[in-house]
Amino acid sequence: PAEETPAENGNLGTAILDATCAPSYIRYPQDFSLLNEAREKLEGMIDWFYKRYDFDKKPRTYRRIAHKDYLELAKCKKRTDSKIRATVRKMLSYVKRDLGYLEDYMSEGYAMTDRKMINTYLVILTLYEQQKYMWDNRVHSVEHRIVSLSQPWIRPIVRGKVKAPTEFGAKFEVILDEHGYARMTRVSFEAFNESEKFQEALIQYHERTGRWPKRVLVDQIYRTRANIAFCKEHGIRISGPKLGRRPKDEKQQQSDKKNAYKDNTDRIGVERFFSLGKRCNGMGLITTRLEETSITVIALSILVTNLFRHMDAIIFFIFYLTNETDEPERY
């Protein structure tokens, strides 16, 4: 963008805020599939107890019948609501039986020694409670819903897009300066409202640069009364229509339309940044399996996208100088 002159109050530059989701590489969560995976893990725990403590008799788990019940729905092309509900009820009964066996073992003094197995057992307990609640109340949503046993911190993020209405991964927010460089201001695996941390993001921008931006370009969700008042207090022009009636002056109306058009075109920069990061720099699909490493991959993707923006300018500058200085016969 062209160089901007500072405003009367000393504000300079443009800040663009937006949030997106970095989907994780997990299987699409289905209730009967998650319960079947939990059943298989519980059966493996029961086998571990049987071998570790040398029990005389292994409890009956009906694993062949349970696997057959799962395949009847998994291979079915037309899954009706009644079939899905019946299969979920069966899976819940299998999981409940296996959990009862493990509780009996631990009540008798036998314990799990593997930390990973303990974590999996606790996740399955929470999953069973959530699935039982949804089945009893005939609902499909619950607070802090588990969608992956291997990565229980992942939550469904409702995006409302045509291609992917719901994504499963971390939601993060970035702020772009007037040069197109981004910084991550917030990241969470839980869905959050972007407008809640708007003022905090601008305060961090002021602490980092020593000035407030001249204008800030945001979505409609950021335009709350509190955020608009905060921008007005610090002399920041926030994108979007002004509150109240339209001005009667035609010149003012034309100026507002011009500013609105320019804001919309300039805000494309953050969408371009997300597109480049997801297509080329690993932000489109997070394949790491730990919570910390997933957040690290997102941060590195933002860093690499910023670096490539700088590298593109250097490569263009070198190519321009080469064409200007070298002899034409070489081309």
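Which residue in β3 is the bridge partner of P156? Before selecting anything, note that this is a predicted model in which local features need pLDDT of at least 70 and side-chain atom pairs count only at pLDDT 80 or more, while totals for chains, interfaces and linings use all residues. Residues are numbered from 1 along each chain as its sequence is written, and side-chain values use heavy atoms, with hydrogens and water left out.

Select strand β3, residues 166–176, strands here being DSSP runs of E with at least two residues and helices runs of H or I with at least four, numbered from the N terminus. Of its 11 residues, 10 are buried, that is, under 20% relative accessible area with a 1.4 Å probe and protein chains only.

Add strand β2, residues 156–158, which pairs with β3 in the antiparallel sense over 3 bridges (pairing requires at least two DSSP bridges between two strands); here P156 has F168 as its bridge partner.

Next show strand β1, residues 14–23, joined to β3 by 8 bridges and running antiparallel to it, with P23 partnered by G169. Then bring in strand β4, residues 182–188, which is antiparallel to β3 over 6 bridges, V174 having M184 as its partner. The hairpin of β3 and β4 has 5 residues between the strands, and G180 in the turn has a positive phi of about 90°.

Finally, select helices α1 (residues 31–52) and α4 (residues 115–137), whose axes lie 10 Å apart at an angle of about 140°, where axes are lines fitted to C-alpha atoms over the stretch in contact and angles run from 0 to 180 degrees between N-to-C directions.

Terms used
Buried < 20%, exposed > 50% of the residue type's maximum accessible area, 1.4 Å probe, protein only.
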